[in-house]
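Trainee: Please walk me through the largest pocket, slowly, and then show me how the parts around it fit together. I'm new to this, so plain words would help.

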Amino acid sequence: MIEVRNLSKVYQSGEIAVEALKKISFTIEDGEMVAIVGPSGSGKSTLMNLLGCLDTPTSGSYFLDSTDVSKANDDELAEVRNNKIGFVFQKFNLLARDSILHNVETPLIYAGIKKKERKERATSLLNKVGLADRLDHNPNEVSGGQRQRVAIARALVNNPSLILADEPTGNLDSKTEAEIIDLFHELNSQGHTIVIVTHSEKVAQQTNRIIHILDGELVKDEVVLG
Ligand code: ADP
Ligand code: ADP
């Protein structure tokens, strides 16, 4: 599903160039659940932004389902994101004034889906993440773990094959973290490929594979024996 070859990213600010990723290469097959770990500043967010088609590399190639998206323009990238990728962030990025149901429906509005189907799809996903009785509540009326479930339901609403999660349990206590990881396992077993950036060794050990990044380089690619 994902093949990156010699992927590099240089941030140029005036005279100063920061080489955030240095010729990274790896492949992620359909159905894998992968953790990306590394210290602060090692290039994890840069890599996730590239994998999520939020940005393009300075050089190298990125094949997503056999299509090279490394040279795509902004419109093409937006289309790939909408069709293939669901994003989950540490900060849940929910709309505080809107109902939980409306939060999950929102991506479908942009996709031009009619109201009745939007409501059906959003309700069904909220049911799946255990929030069927909270549809009309606002995000600030539920717990942190429940907010992350809303964010995950929203990430799933376009039925993405790839889920990219950046520190999805960073704001959660360890019990809630375990529940969210269980939910990712369930989604993974249903066929979604999942890539998680995490600082938690415990979370990383619950994936199938750990990619270690240091100073913009892939230093270790580790199979996790479950
Ligand atoms: P991580 O997510 O592992 O903390 P990042 O990908 O955010 O690492 O950053 C990798 C390197 O690139 C760091 O040295 C960081 O300071 C630099 N960097 C990140 N974003 C930018 C930017 N927009 N402009 C300039 N430098 C950046
Ligand atoms: P950080 O890793 O520094 O905490 P985030 O995880 O919040 O940052 O965001 C990572 C990147 O994704 C940023 O470049 C941000 O602009 C982008 N981003 C954040 N939220 C969304 C969103 N809802 N949709 C698309 N891109 C987003």
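Mentor: Sure. On a 1 Å grid over the protein atoms alone, a pocket is an open set of points where a 1.4 Å probe fits, with protein on both sides within 12 Å along at least five of seven lines, and a lining residue has an atom within 4 Å of a point. Points are joined across faces, edges and corners, and the volume is the space filled by probe spheres set on them. By that count, the largest pocket holds about 480 Å³.

Its lining is made up of 17 residues, and those closest to the centre are Asn 82, Phe 87, Pro 107, Arg 154 and Asn 158. Four elements give two or more residues each to this lining: α2 (74-84), β6 (85-89), α3 (100-110) and α5 (144-156). Those labels are DSSP runs numbered from the N terminus, with helices (H or I) of at least four residues and strands (E) of at least two. By residue type, the lining splits into nine nonpolar, six polar and two charged (Ala, Val, Leu, Ile, Met, Phe, Trp, Tyr, Cys and Pro are nonpolar, Asp, Glu, Lys and Arg are charged, and the rest, Gly included, are polar).

Before we go on, keep in mind that this is a predicted model, where local features need pLDDT of at least 70 and side-chain atom pairs need 80 or more, while totals for chains, interfaces and linings use all residues. Residues are numbered from 1 along each chain as its sequence is written, chains are lettered from A and ligands numbered from 1 in written order, and side-chain values use heavy atoms, without hydrogens or water.

Now follow β6 away from the pocket. β6 belongs to an open sheet of six strands, with mixed pairing, in the order β6-β7-β8-β3-β9-β10 (two strands pair if DSSP finds at least two bridges between them). β6 sits at one edge and β10 (217-223) at the other, each pairing on one side only. From one strand to the next, the twist averages 15° (axes are lines fitted to C-alpha atoms, for helices over the stretch in contact, and angles run from 0 to 180 degrees between N-to-C directions).

Two of the pocket's helices turn up again on this sheet. α2 packs against the sheet, touching β6 and β7 (162-166), and its direction makes about 80° with that of β6 (touching means heavy atoms within 4.5 Å). α5 also lies across β6 and β7, but runs at about 165° to β6.

Over at the β10 edge, β9 (residues 209-214) pairs with β10 in the antiparallel sense over six bridges. You can check this by eye: Ile 210 stands opposite Glu 222, and Arg 209 has Val 223 as its bridge partner. The two strands form a hairpin with two residues between them, and Asp 215 in the turn has a positive phi of about 50°.

There's a second sheet to find as well. Four strands make up this open, antiparallel sheet, in the order β2-β1-β4-β5, with β2 and β5 (67-68) as the edge strands, each pairing on one side only. β1 (residues 2-13) and β2 (residues 16-28) are antiparallel and share nine bridges; Leu 21 in β2 is the bridge partner of Lys 9. In the hairpin they form, with two residues between the strands, Gly 14 has a positive phi near 65°.

β1 also pairs with β4 (residues 59-64), antiparallel over five bridges, and Val 4 stands opposite Tyr 62 there. β4 and β5 then make a hairpin with two residues in between, where Asp 65 in the turn takes a positive phi of about 50°. Helix α1 (residues 44-51) lies across β1, β2 and β4, at about 120° to β1.

Finally, zoom out. The chain has seven helices and ten strands. Its radius of gyration is 18 Å, close to the 17 Å the globule rule gives for 226 residues, so the chain is as compact as a globular protein of that length (the radius is taken over C-alpha atoms, and the rule is 2.2 Å times the number of residues to the power 0.38). Along the principal axes, the C-alpha trace spans about 50 × 40 × 35 Å.
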